[in-house]
Amino acid sequence: MSRIGKNPVSISQGVDVNIKDNVVTVKGKLGELTQTISDGITIEIEDGIITLDRASESKDHKAQHGLMRALISNMIEGVSKGWTKDLELVGVGYRASNQGQKLDLALGFSHNIVLEIAPEVKVETISEKGKNPIIKLSSFDKQLVGQIAAKIRSFRAPEPYKGKGVKFVGEILRRKAGKSA
């Protein structure tokens, strides 16, 4: 039995969950999310608790069982509390600024990178003197926040010698010794 899939999901206060034709719709104070449920997975709602069952013990059904439970749990938490990701720019001359949904990044290339952020995601840049610039991304959709954060990080991933680049706040990098060591 899938350890993640068999755990019940409790519905938070102020969250509305509807199931119709293998599509789960979750509404909350922050927004609305939908997810299509794969075949072989059945969902039941009783007394504010969601339970998922699978049709067989096949490897595919076991994987889908845990995945669908995690996706529904993330949707419920997202529309009630929201998700945030913080990125830190480490490097001399690395800067970030935003005008509305346009994020302007100076990452040591000849031109600045201008990225248009999806309207569901709120972007905020923090630049304090003597500290590395920080980009804060927040939304009710965990997948979208993670995808945008990964896109920003891919512009200049942290390198292992000096640690320069775009990294997640709290991320621990494996550092390498240089030639002189």
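## Two domains and where they touch

Trainee: Which domains does the assignment give for this protein?
Mentor: Domain 1 covers 9–81, and domain 2 covers 83–168. Keep in mind that this is a predicted model.

Trainee: How many Å separate their centres?
Mentor: The centres of domain 1 and domain 2 are 31 Å apart, taken over C-alpha atoms.

Trainee: And how many residues are in contact?
Mentor: Ten from domain 1 and five from domain 2.

Trainee: What area do the two domains bury between them?
Mentor: About 600 Å². Carbon and sulfur atoms account for 61% of that area.

Trainee: Which residues of domain 1 lose the most area to domain 2?
Mentor: Leu33, Asn74 and Gly78. Together they make up 54% of what the domain 1 side buries.

Trainee: How many salt bridges are there between the domains?
Mentor: Zero. For polar contact, the count is one residue pair, with both residues at pLDDT 80 or more.

Trainee: Which elements of domain 1 give two or more residues to that side?
Mentor: Strand β4 (32–36) and helix α1 (59–80). The most come from α1, with five residues.

Trainee: How do the residues on that side divide into nonpolar, polar and charged?
Mentor: Four are nonpolar, four are polar and two are charged.

Trainee: New topic. How many helices and strands are in the whole protein?
Mentor: Two helices and 13 strands.

Trainee: Is the protein spread out or compact?
Mentor: More spread out than a compact globule. The globule rule gives 16 Å for 181 residues, but the radius of gyration here is 21 Å, well over that value.

Trainee: What box do the C-alpha atoms fill?
Mentor: Roughly 60 × 40 × 25 Å, taken along the principal axes.

Terms used
Residues numbered from 1 in each chain as written. Predicted model: local features only at pLDDT ≥ 70, side-chain atom pairs only at ≥ 80, totals over all residues. Heavy atoms only, no water. Domains from an automatic or database assignment. Contact = heavy atoms within 4.5 Å. Buried area = accessible area lost by both parts, 1.4 Å probe. Salt bridge = Lys/Arg side-chain N within 4 Å of Asp/Glu carboxyl O. Polar contact = N/O pair within 3.5 Å; in protein donor to acceptor, adjacent residues only side chain to side chain. Helix = DSSP H or I, 4+ residues; strand = E, 2+ residues; numbered from the N terminus. Nonpolar A, V, L, I, M, F, W, Y, C, P; charged D, E, K, R; others polar. Rg over C-alpha atoms; globule rule 2.2 N^0.38 Å.
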